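Work through the exercises below with the structure in view. Each one sets a task and then solves it step by step.

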Amino acid sequence: IPERFGVLWVPESFTDMAMDMRGASNDIIGTVDDPRELGPILDRIDAMLDGYGVHATTKAEDQISNMIVSEEINQMRAMARVIPTLFMGIAAAILLVLLNRMVRQERTEIGLLKAFGYSNWTVSGYYVRYALLLAAAGCAGGVAVGQWLARGLGEVYVLYFQFPALVMQLHPNLLISAILISVVSALLGALSAARHAAAIHPAESMRPEAPRHAHRMWLERFAVFWRSLSFTWKMIVRNVGRNQFRAAINIGGVMMATGLLLIGLVFIDSVYHMMDFQFREVQREDMRIIFTTELPESALREMARFEGVRQAEPMLQYPFELRSGWRTHDTAILGFLPDGELRRLLDVEGQPVRIEGKGVILSEALARELQVGAGDAIEIEPLMGRVTRKHDVVVRRVVQEYLGMSAYMDLETLSRLLETPYAINAVLLRVEEGAAPRLSSVMNDVPAMATVEDAEQNRADFEETMAENIVLTSTFLVGFAGVIAFSIIYNSTVVSLLERQRELASLRVLGFTKQEVGAIMYQENFLLGGLGILVGLPFGELLGRGFLRTLDTEMYRIPYYAETSSFVFTAVLVAGFIVLANLAVRRRIQRLDMVEVLKSRE
């Protein structure tokens, strides 16, 4: 938190004088000419400085700050793969519907052009060029909007990560890639229309297009069901059956919008479930006190004497290298008492796991990285201090954990591995309500104190950090879902209206009101939209699981978790987008001129 954290830069001479340690250092940073040689170089440095007690040798890619930024970039990369793919698919489908409608409307003109000697390539090329023109206009607007959104997102990251500045620039390779993807999507949408235009015969085009083949639908075989439908619904069902391709595009568009929206809500549910699991079920302490070095058991008793402390439990955390065959991982092994209550481990079924015996307990992610399970042996080696002896230990259990990749042992067993009968370097506290701020202030003045962590404050900080990310992500997803649902329903309705205007005008002449005629279009949209929502909910669940899997990192893993309310809210919101699309096309239906429509020749 900026209000409670700061970094001071001072001359080296000042620190030499203030610390009375002239020429001393506790951190060395550097660069290498060949990054591929970084591992061997660090190994040689570690061996060279072994006598000075090297704490750890860390590559830039393993630094916490670098990992956090890299993981955020990976999240954005995952979204950049999912959302544009859906959008380009929808754009191609809309172009496909519109251009095919244009070909049917202009079939007479196409026939005349062919009769005058224009080739199929020339006629088909017109629709391809039309699609390319739309793509060019879309790309021009997309570049401008994309730059604006990118700058807004950059400003969020400046505030989020406290960057002094973030320079935004347009990268030509990314621009070219985006334009090529858009153009290819437009071409895919235009190919069907170009093929249909090429297939039109000049002589046949001089007369109106033959009606579609009409036949009994399979639903009509269910006599009881079919008789129960009103006249309006029979028209709707028959029209859907005769325009199956367009109906499939409608359903597919709503399905994608539903899935995209559900991803955002599932992401929110999963993050808060992860936080509840970690901060309520596993880390049950109110405060965690970390010392600068290992201390005897008396330090625990001293902590328990502070006013406001209700319960105190010891903890020992020490860095080790865990090795299974050629697989290695550096992490902290945490030692706790077998009967401890403030730090609880749960297995993959959610059952408590007792920390006891001589074995080690691994988190699920760490066990997966080392490719080991319960009963397997691994080698552990301390990474700091005077103890360097390696030990072979057995993996007792694998537990569920969403933050970090840690290992756990009985505290006394871990102490003996460090060649001491009993040692602690941290204490977990349960305190009286409201006592944490006062205890934090008092304990910061205690000798050998390194860090005082307030669990509730940590959770609040984490929630605040995640909330900013969640709001930004969810806003984008809701906006994108709305655009997809609205555009696909609106465009399909307009095309359907143009095709069926003579039919609808005939109904008006027969005595149907404008509201009744409009209801035919609206109810058809709701039928297709409802089917899209029903298919979209399981589709969104699959997308959500895949999306969260791409976010698995060493620092955290977000489990899939979805509330029932998220599915309900998704369905209601997408239905709202369908209502907006119906309202947008309502004026076209109301202004339908039945006299002009019925004057057109058959």
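**Exercise 1.** Classify Y130 as buried, partly exposed or exposed from its relative accessibility.

Solution. The model is a predicted one. Y130 has a relative accessibility of 30%. Buried needs under 20% and exposed needs over 50%. Y130 therefore counts as partly exposed.

**Exercise 2.** Describe how the rings of Y126 and Y127 are arranged, and say how accessible each residue is.

Solution. A pair of aromatic rings is described by the distance of the centres and the angle of the planes.
- Step 1: the structure holds five aromatic pairs. In the pair formed by Y126 and Y127, the ring centres are 4.9 Å apart.
- Step 2: the planes of these two rings stand at 80°. An angle over 60 degrees counts as edge-to-face, so Y126 and Y127 form an edge-to-face pair.
- Step 3: Y126 has 38% relative accessibility and is partly exposed, while Y127, at 1%, is buried.

**Exercise 3.** Which kind of pair do Y126 and Y130 form, and how are they placed in helix 5?

Solution.
- Step 1: the ring centres of Y126 and Y130 lie 6.5 Å apart, with the planes at 35°, so this pair is tilted.
- Step 2: Y126 and Y130 are four residues apart in helix 5 (residues 120–161), which means about one helical turn separates them.
- Step 3: an α-helix has 3.6 residues a turn, so residues three or four places apart point the same way.
- Step 4: taken together, ring pairs join Y126, Y127 and Y130 in a cluster.

**Exercise 4.** Compare the end-to-end distance of helix 9 with its expected span.

Solution.
- Step 1: helix 9 has 39 residues, and at 1.5 Å a residue it should span 57 Å.
- Step 2: its end C-alpha atoms are 53 Å apart, which agrees with the expected span.
- Step 3: helix 9 is mostly covered, since 28 of the 39 residues are buried.

**Exercise 5.** Which helix gives the most to the largest nonpolar core?

Solution.
- Step 1: the largest nonpolar core has 44 residues, and V254, F267 and I558 are among those with the most contacts inside it.
- Step 2: helix 3 (64–105), helix 9 (244–282), helix 14 (455–509), helix 15 (514–550) and helix 16 (564–590) each supply at least two of the core residues.
- Step 3: with 15 residues, helix 9 gives the most.
- Step 4: V254 is in contact with residues including I488, G529 and V574, leaving aside neighbours within four places in sequence.
- Step 5: another core, of 42 residues, lies apart from this one and includes V309, V372, M405 and L417.

**Exercise 6.** Are S415 and P421 buried or exposed, and where do they sit?

Solution.
- Step 1: S415 is in helix 12 (residues 411–417), whereas P421 is in the loop between helix 12 and strand 10 (424–431).
- Step 2: S415 has a relative accessible area of 0%, so this residue is buried.
- Step 3: P421 has 66% relative accessibility, so this residue is exposed.
- Step 4: not counting residues up to four places away in sequence, S415 touches L316, T420, P421, Y422 and A423. With such neighbours left aside, P421 is in contact with E412 and S415.

Terms used
Residues are numbered from 1 along each chain as its sequence is written. This is a predicted model: local features need pLDDT of at least 70, side-chain atom pairs count only at pLDDT 80 or more; totals for chains, interfaces and linings use all residues. Side-chain values use heavy atoms; hydrogens and water are left out. Rings of Phe, Tyr and Trp (its six-membered ring) pair if their centres lie within 6.5 Å; planes under 30 degrees apart count as stacked, over 60 as edge-to-face and the rest as tilted. Buried means under 20% relative accessible area, exposed over 50%, partly exposed in between (1.4 Å probe, protein chains only). A nonpolar core is a set of buried Ala, Val, Leu, Ile, Met, Phe, Trp, Tyr and Cys residues joined through side-chain atoms within 4.5 Å. Contact means heavy atoms within 4.5 Å. The expected span of a helix is 1.5 Å times one less than its number of residues.
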